[in-house]
Amino acid sequence: MGIATEIADDWHAALAALAWGVEAGADETIGDGPINRYALAAEAPKPVAAKAAPQPEPAGSDPVAVAQAAAAAAQSLDTLRESIAAFDLCELKRGARNTVFADGNPEARVLILGEAPGAEEDREGRPFVGRAGKLLDRMFATIGLARTSPDAGTALYITNVMPWRPPGNRDPEAAEIAMLRPFVERHIALVDPEVIVVMGNTPLFTLTGTRGILRARGNWSQALGKPLLPMTHPAYLLRNPAAKREAWADLLSLQARLR
Ligand code: URA
């Protein structure tokens, strides 16, 4: 959540207002003055919604049905990106600066599916560019894979279940996952990787309907007709460095599968 503070005459009053905001969950300053977003919504379209994209006609007001129709209509990654950016039924979009679609090489053999953008990803509009993302890059570099590689054999394609940052980096809710799942499935179908790596519980749940990443990690299964490797999320590894040993084993297992 962001908070805009008015300049108070009294330093102590300003500090108290700031402390109140932090306690209420504000974790970022987003402007110098207060903004009435209810008034704005009536006047101006949201920046991330600005691009008109093909939104297929009435699937009713059921967000999952609307998402299914929009996803099915997307025939390329570009149109899918536009469809997601134009999808207005997820509340998370209202608080996001950017729609975070994907990064890396769409020809890659390996697709990494993460959870949702954090603050840095939201600012930059690219997945996994913060601390966890830097660790992710280092981890996959140890087995010779990189999102910047032009060669499909050594490349990565990276995307998230949620294209918008949840406030305060909370976990996405089941209803939010359900409404974005059609886009995720279409995204994977269009990229058509050989292997999917899910990082953390949210993508594991999205593709398999199960949770428990600490039990599932390292155990290959199938999703969308493709081999799926669950791994612990790099943010978890930053908090629990001892778990890096298991992550290393998972990377070696991925490397062996690709040989
Ligand atoms: N964590 C994720 O799951 N995805 C990102 O893009 C960043 C952090």
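Which residues are around the ligand? In this predicted model, local features need pLDDT of at least 70 and side-chain atom pairs count only at pLDDT 80 or more, while totals for chains, interfaces and linings use all residues. Residues are numbered from 1 along each chain as its sequence is written, and side-chain values use heavy atoms, with hydrogens and water left out.

The ligand is surrounded by Gly114, Glu115, Ala116, Glu121, Pro127, Phe128, Asn160 and His233, where a residue is near a molecule if one of its heavy atoms lies within 4 Å of it. This shell comprises three nonpolar, three polar and two charged residues; here Ala, Val, Leu, Ile, Met, Phe, Trp, Tyr, Cys and Pro count as nonpolar, Asp, Glu, Lys and Arg as charged, and the others, Gly among them, as polar.

Backbone atoms supply polar contacts to the ligand (pairs of N or O atoms within 3.5 Å). A polar backbone atom of glutamate 115 is 2.7 Å from a ligand oxygen, and one of phenylalanine 128 is 2.8 Å from an oxygen atom of the ligand. At alanine 116, a backbone N or O atom lies 3.1 Å from a ligand nitrogen. Of the 240 Å² of accessible area that the ligand has on its own, the protein covers 92% (Shrake-Rupley method, 1.4 Å probe).

Now to the space that holds the ligand. The ligand sits in the second largest pocket, meaning that more than half of its atoms lie within 2 Å of the pocket's grid points. On a 1 Å grid over the protein atoms alone, a pocket is an open set of points with protein on both sides within 12 Å along at least five of seven lines, a cavity is a set where a 1.4 Å probe fits but cannot get out, and lining residues have an atom within 4 Å of a point. This pocket contains about 700 Å³ of space and is lined by 28 residues, with Glu115, Asn169, His233, Ala235 and Arg239 nearest its centre. Two or more lining residues come from each of α5 (119-124), α6 (131-141), α8 (201-208) and α10 (234-239), and α10 provides the largest share, four residues. Eleven of the lining residues are nonpolar, ten polar and seven charged.

The structure also holds one cavity of 30 Å³ or more. The largest cavity has a volume of about 90 Å³, and its lining includes Ile84, Phe101, Asn160 and His187. α7 gives the most to this lining, with four residues. The lining has nine nonpolar, three polar and no charged residues.

How values were computed. A polar contact is a pair of N or O atoms within 3.5 Å; within protein, one must be able to donate a hydrogen and the other to accept it, and residues adjacent in sequence count only if both atoms are side-chain atoms. Grid points are joined across faces, edges and corners, and a volume is the space filled by probe spheres set on the points.
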